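User: I have a structure open and would like to talk through it with you. Can we start with the strand pairing and then move on to the side chains?

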Amino acid sequence: MHRGAGPRAPLLAALTLVLAACTPTSERVAAALDQPSVLAAQGWSMTGSLASGRLGPTATLLPNGKVLVAGGQGPDDYLLVAELYDPATGAWAPTGSLAQTRQDATATVLPSGKVLIVGGHVGGAPRASAELYDPATGTWSSTGSLSTGRGNHAVTLLPTGKVLVLGGQGSTTLTHRQCRAV
């Protein structure tokens, strides 16, 4: 979906801008933020900022319309903290923390409304673990693990409610044959 299309376009545009600004070395983003009139003329608007800037987090639209951002790498270390964005207020709020740090993981909303975070890596070491986020309680719980740790992988929710995890980077680059439904 591109900016300006569909009912969630303002939310997606705002999140793209906020999350892009999390990379401290992005001169292009910094220059754009110094020119709010240019952004406004192109249909962008400013919104609240994350409490913890991060590189490689997950960002997941929840059924209640809020956005869960979890994990990633901060300026000093990998992050356990997760935050919720409320498009009605334009504000971010803390929520429960992950059990394990992870960057470049994937997040999938399950039919139950819970969010499954799978894999990722920390300092190049792939994670095989997975965690569930419950939006009703704001808490995380550990769940099953992948047989092979991986980051930068792909996932898709199957009609059965299982999540297919494939490819990505582990200790070596994984091939399409190394898939798992969890």
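User: How do strand 3 and strand 4 pair, and over how many bridges?

Analyst: This is a predicted model, and in it strand 3, residues 82-86, pairs with strand 4 in the antiparallel sense over five bridges.

User: Which residue is the bridge partner of tyrosine 85 in strand 4?

Analyst: The bridge partner of tyrosine 85 there is tryptophan 92.

User: What sheet do the strands belong to, and in what order do they come?

Analyst: Four strands make up an open sheet with the order 1-2-3-4, and the pairing in the sheet is antiparallel. Its edge strands are strand 1, residues 58-61, and strand 4, residues 91-95, each of which pairs on one side only. From one strand to the next, the twist averages 25°.

User: OK, now the other end. How many bridges join strand 1 and strand 2?

Analyst: Strand 1 and strand 2, the latter covering residues 67-70, are joined by four bridges and pair in the antiparallel sense. Within this pairing, alanine 59 stands opposite valine 69 of strand 2. The hairpin that the two strands form has five residues between the strands, and in this hairpin glycine 65 takes a positive phi near 90°.

User: Which side chains of strand 1 are buried?

Analyst: The side chains alternate along strand 1, with Thr58 and Thr60 pointing to one face and being buried, whereas Ala59 and Leu61 point to the other face and are not buried.

User: Back to rings. How many aromatic pairs does a search of the whole structure find?

Analyst: The search finds two aromatic pairs. One of them is formed by tyrosine 85 and tryptophan 92, with 4.9 Å centre to centre and 50° between the planes, and this pair is tilted. Those two residues are also the bridge partners discussed above, tyrosine 85 being paired with tryptophan 92 in strand 4.

User: Why is the pair of tyrosine 133 and tryptophan 140 tilted?

Analyst: The planes of the rings of tyrosine 133 and tryptophan 140 are at 50°, with the centres 4.9 Å apart, so the pair is tilted; that angle falls between the limits of 30 degrees, under which planes count as stacked, and 60, over which they count as edge-to-face.

User: Are those rings buried or exposed?

Analyst: Tyrosine 85 is buried at a relative accessible area of 4%, and tryptophan 92 is buried at 13%. In the other pair, tyrosine 133 and tryptophan 140 are buried as well.

User: Switching to charges, how many salt bridges are there?

Analyst: The count comes to two salt bridges. In one, glutamate 83 is joined to arginine 54, with the closest N and O atoms 3.0 Å apart. This pair links distant parts of the chain, since glutamate 83 sits in strand 3 and arginine 54 in the loop between helix 3, residues 36-41, and strand 1, with their positions 29 residues apart in the chain.

User: And what does glutamate 131 form a salt bridge with?

Analyst: Glutamate 131 forms a salt bridge with arginine 102, and here the closest N and O atoms are 3.0 Å apart. Glutamate 131 is in strand 9, residues 130-134, while arginine 102 is in the loop between strand 4 and strand 5, residues 106-109, so this salt bridge ties together parts 29 residues apart in sequence.

User: Why do glutamate 83 and arginine 54 count as buried?

Analyst: The cut-off for buried is under 20% relative accessible area; glutamate 83 counts as buried because its relative accessibility is 4%, and arginine 54 because its value is 2%. Glutamate 131, at 1%, counts as buried, and arginine 102 is buried at 2%.

User: One more residue. Where is histidine 121 found, and what is it in contact with?

Analyst: Histidine 121 is found in strand 7, residues 121-122, and is buried with a relative accessible area of 15%. Leaving aside neighbours within four places in sequence, its contacts include Tyr78, Arg102, Asp104 and Asn152. The side chains of histidine 121 and aspartate 104 are joined by a polar contact of 2.9 Å. As for tyrosine 78, its C-alpha atom is 9.8 Å from that of histidine 121, although the two residues are 43 residues apart along the chain.

User: To finish, how many helices and strands are there in the protein?

Analyst: The protein has three helices and 13 strands, and buried residues make up 39% of its 182 residues.

Methods
Residues are numbered from 1 along each chain as its sequence is written. This is a predicted model: local features need pLDDT of at least 70, side-chain atom pairs count only at pLDDT 80 or more; totals for chains, interfaces and linings use all residues. Side-chain values use heavy atoms; hydrogens and water are left out. Two strands pair if DSSP finds at least two bridges between them. Axes are lines fitted to C-alpha atoms, for helices over the stretch in contact, and angles run from 0 to 180 degrees between N-to-C directions. Buried means under 20% relative accessible area, exposed over 50%, partly exposed in between (1.4 Å probe, protein chains only). Rings of Phe, Tyr and Trp (its six-membered ring) pair if their centres lie within 6.5 Å; planes under 30 degrees apart count as stacked, over 60 as edge-to-face and the rest as tilted. A salt bridge is a side-chain nitrogen of Lys or Arg within 4 Å of a carboxyl oxygen of Asp or Glu. Contact means heavy atoms within 4.5 Å. A polar contact is a pair of N or O atoms within 3.5 Å; within protein, one must be able to donate a hydrogen and the other to accept it, and residues adjacent in sequence count only if both atoms are side-chain atoms.
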